[in-house]
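Trainee: I would like to learn how to read a model feature by feature. Where do we start?

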Amino acid sequence: GDDNNKTINHYQFPQRLKVSNSNEVINVVENFKIGGKHIISPMRKTVLILGFGSIGRTIGYRLNRAFDMKIQYYKRSGPISKEKLGYDAEYLSDLNDPMTWSQADLIMMALPGGISTDDIINDKTLSMCKDGVRLVNVGRGNSVDEDALLKALETGKVASCGIDVFKNEGSGNINKKLLQRWDVTALPHMGSAVTDMMSLQTLITLQNVEDIFVNNGNGIYPVD
């Protein structure tokens, strides 16, 4: 009894197991990889959300509740109170500060398009990230330097990414290298292409037009 317990407690999880017909010793967890990359759960990891409008805040809420993720965010107009958010989130103000990037296990992008967001993900910002960071972009394709992303995927700096927006999607000249990698999940930019969403968008637009131009209001749904 006691001797057996001492023997069992001698091993630290995960136990090292010998491969059949070989003297090689492996660690079944540390060496578990697919395509040479570790597959890691998002549970209790840290996410950096770039773009913290209504979409970014909703993503933060769901990641916090479903996966107990620590939420960090960047928002050009400044921090949002916990009372308004309804969950804990850390505001980061400077994209040139290495500390903004260094803690993130996942970078979630929900940025608008425009010159101010061009290539926010680039060689420099990726170099400040931890090895094996993951990237998801549901904002605009202009915010990612795709050549830098491909390089980082190749070296393992970025473990994987999910994108439904692309740099040149308007012209149809999408970088095919992104579509040919197993560690890239790519979809067309069609997240809102459903009938009920289109109906709602049309209704909101008409309500805003009526409020501003007929009722001299500020708009029922102002842009955040």
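Mentor: With the elements. Helices are DSSP runs of H or I with at least four residues, and strands are runs of E with at least two. This is a predicted model. By that rule the protein has 8 helices and 11 strands.

Trainee: What share of the residues is buried?

Mentor: Buried means under 20% relative accessible area. Of the 224 residues in the protein, 33% are buried. The exposed surface comes to about 14,400 Å², and carbon and sulfur atoms supply 53% of it.

Trainee: How do I read the contacts along the sequence?

Mentor: Look at the separation between partners. Take the contacts between residues at least 6 apart in sequence: 60% of them join residues at least 24 apart.

Trainee: Now the interior. Which residues have the most contacts inside the largest nonpolar core?

Mentor: The general idea comes before the case. In soluble globular proteins, nonpolar side chains tend to be buried together. Here the largest nonpolar core has 29 residues. Leu50, Trp101, Ile107, Met109, Ile121 and Leu149 have the most contacts inside it. Two or more residues each come from β5 (46-50), β8, β9, α6 (146-155) and β10 (158-163). The top contributor is α6, with 5 residues.

Trainee: What does Trp101 touch?

Mentor: Leave out residues up to four places away in sequence. Trp101 then touches Leu48, Leu50, Leu95, Ile107, Ile120, Ile121, Thr125, Met128, Cys129 and Lys130. Another core lies apart from the largest one. This other core has 13 residues, among them Leu63, Leu85, Leu106 and Met108.

Trainee: On to pockets. What is the volume of the largest pocket, and which residues are closest to its centre?

Mentor: A pocket is an open set of grid points, whereas a probe cannot get out of a cavity. The largest pocket has a volume of about 1,300 Å³. It is lined by 34 residues, and the closest to its centre are Gly53, Ser54, Ile55, Ala110 and Arg140. The elements giving two or more residues to this lining are α2 (54-67) and α8 (195-214). With 6 residues, α8 gives the most. By class, the lining of the largest pocket divides into 16 nonpolar, 13 polar and 5 charged residues.

Trainee: How many residues line the second largest pocket, and of which classes are they?

Mentor: The second largest pocket holds about 390 Å³ of space. It is lined by 22 residues; Ile40, Asp105, Gly132, Arg134 and Ala159 are the closest to its centre. At least two lining residues each come from β4 (37-38), α2, β8 (106-109) and β9 (133-137). The most come from β9, with 3 residues. The classes are 10 nonpolar, 5 polar and 7 charged. Note that α2 gives residues to the lining of the largest pocket and also to that of the second largest.

Trainee: Last, the backbone. What is the phi of Asp119, and where does Asp119 lie?

Mentor: Start with the expectation. Most residues other than glycine have a negative phi. Asp119 is not a glycine, yet its phi is positive, about 50°. Asp119 sits in the loop between β8 and α5 (123-127). It counts as partly exposed because its relative accessibility is 29%.

Trainee: Asn216 also has a positive phi. Is Asn216 buried or exposed?

Mentor: Exposed, with a relative accessible area of 68%. The phi of Asn216 is near 55°. Asn216 lies in the segment after α8.

Terms used: Residues are numbered from 1 along each chain as its sequence is written. This is a predicted model: local features need pLDDT of at least 70, side-chain atom pairs count only at pLDDT 80 or more; totals for chains, interfaces and linings use all residues. Side-chain values use heavy atoms; hydrogens and water are left out. On a 1 Å grid over the protein atoms alone, a cavity is a set of points where a 1.4 Å probe fits but cannot get out, and a pocket is an open set with protein on both sides within 12 Å along at least five of seven lines; lining residues have an atom within 4 Å of a point. Grid points are joined across faces, edges and corners, and a volume is the space filled by probe spheres set on the points. Ala, Val, Leu, Ile, Met, Phe, Trp, Tyr, Cys and Pro count as nonpolar, Asp, Glu, Lys and Arg as charged, and the others, Gly among them, as polar. Buried means under 20% relative accessible area, exposed over 50%, partly exposed in between (1.4 Å probe, protein chains only). Contact means heavy atoms within 4.5 Å. Accessible areas come from the Shrake-Rupley method with a 1.4 Å probe; for residues, only the protein chains shown count as cover. A nonpolar core is a set of buried Ala, Val, Leu, Ile, Met, Phe, Trp, Tyr and Cys residues joined through side-chain atoms within 4.5 Å.
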